[in-house]
Amino acid sequence: MRIRYDPEADVLVLILHDDPPVDALEEPGGVIVSYREDGEPVSVEFLIAAARHLVQPGEVSAAVVT
């Protein structure tokens, strides 16, 4: 999994797979989930991430628990 943040667009993206998405659904609250052909999620985008306190400007960190 990779995490990318675009401060200009204020979008936080969790990239789960490198496969190209074939479909996407926008959930309420500014969350977009993209899917590959077999229905598995490819990425999750959080719009207005800083305004929702998901990231702090200048600081992006993540913990992945397995």
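## A guided tour of the salt bridges and strands

A search of the whole structure finds 3 salt bridges, a salt bridge being a side-chain nitrogen of Lys or Arg within 4 Å of a carboxyl oxygen of Asp or Glu. The model is predicted, with local features requiring pLDDT of at least 70 and side-chain atom pairs counting only at pLDDT 80 or more, while totals for chains, interfaces and linings use all residues. Residues are numbered from 1 along each chain as its sequence is written, and side-chain values use heavy atoms, with hydrogens and water left out.

**Stop 1: Arg 2 and Asp 18**

Select Arg 2 and Asp 18, whose side chains meet in a salt bridge at 2.9 Å, N to O. Arg 2 belongs to strand E1 (residues 2-6) and Asp 18 to the loop between strand E2 (11-15) and strand E3 (23-27), so the pair ties together parts that are 16 residues apart in sequence. Strands (E, at least two residues) and helices (H or I, at least four) are DSSP runs, numbered from the N terminus. Colour the two residues by accessibility: Arg 2 is partly exposed, with a relative accessible area of 45%, and Asp 18 is exposed at 63%. For these classes, buried means under 20% relative accessible area, exposed over 50%, and partly exposed in between, with a 1.4 Å probe and protein chains only.

**Stop 2: Arg 36 and its two partners**

Next, select Arg 36, in the loop between E4 and E5, together with Asp 19. Their side chains meet in a salt bridge of 2.7 Å, N to O. Asp 19 lies in the loop between E2 and E3 and Arg 36 in the loop between strand E4 (31-35) and E5, so this pair ties together parts that are 17 residues apart in sequence. Asp 19 is partly exposed, at 35% relative accessibility.

Add Asp 38 to the selection: its side chain meets that of Arg 36 in a salt bridge of 2.8 Å, N to O. Asp 38 counts as exposed, at 53% relative accessibility. Salt bridges that share partners join Asp 19, Arg 36 and Asp 38 into one network.

Now display the surroundings of Arg 36. Leaving aside residues up to four places away in sequence, Arg 36 touches His 17, Asp 19, Pro 20, Val 22 and Val 42, where contact means heavy atoms within 4.5 Å.

**Stop 3: the hairpin of E3 and E4**

Switch to a backbone view of E3 and E4, which run antiparallel and are joined by 5 bridges; two strands pair if DSSP finds at least two bridges between them. Asp 23 stands opposite Tyr 35 in E4. This hairpin has 3 residues between the strands, and Gly 29 takes a positive phi near 90°.

**Stop 4: Ser 43 and Glu 45 in E5**

Finally, move to strand E5 (residues 41-46) and select Ser 43. Is this residue buried or exposed? Ser 43 counts as buried, at 10% relative accessibility. Beyond residues up to four places away in sequence, Ser 43 touches Val 13, Leu 14, Ile 15, Leu 16, Ile 32, Val 33 and Ser 34.

Glu 45 also lies in strand E5 and is partly exposed, with a relative accessible area of 23%. With the same exclusion of residues up to four places away, the contacts of Glu 45 are Val 11, Leu 12, Val 13, Gly 30, Val 31, Ile 32 and Ser 34. To end the tour, draw a distance between the C-alpha atoms of Glu 45 and Tyr 5: they are separated by 9.6 Å, with the residues 40 apart along the chain.
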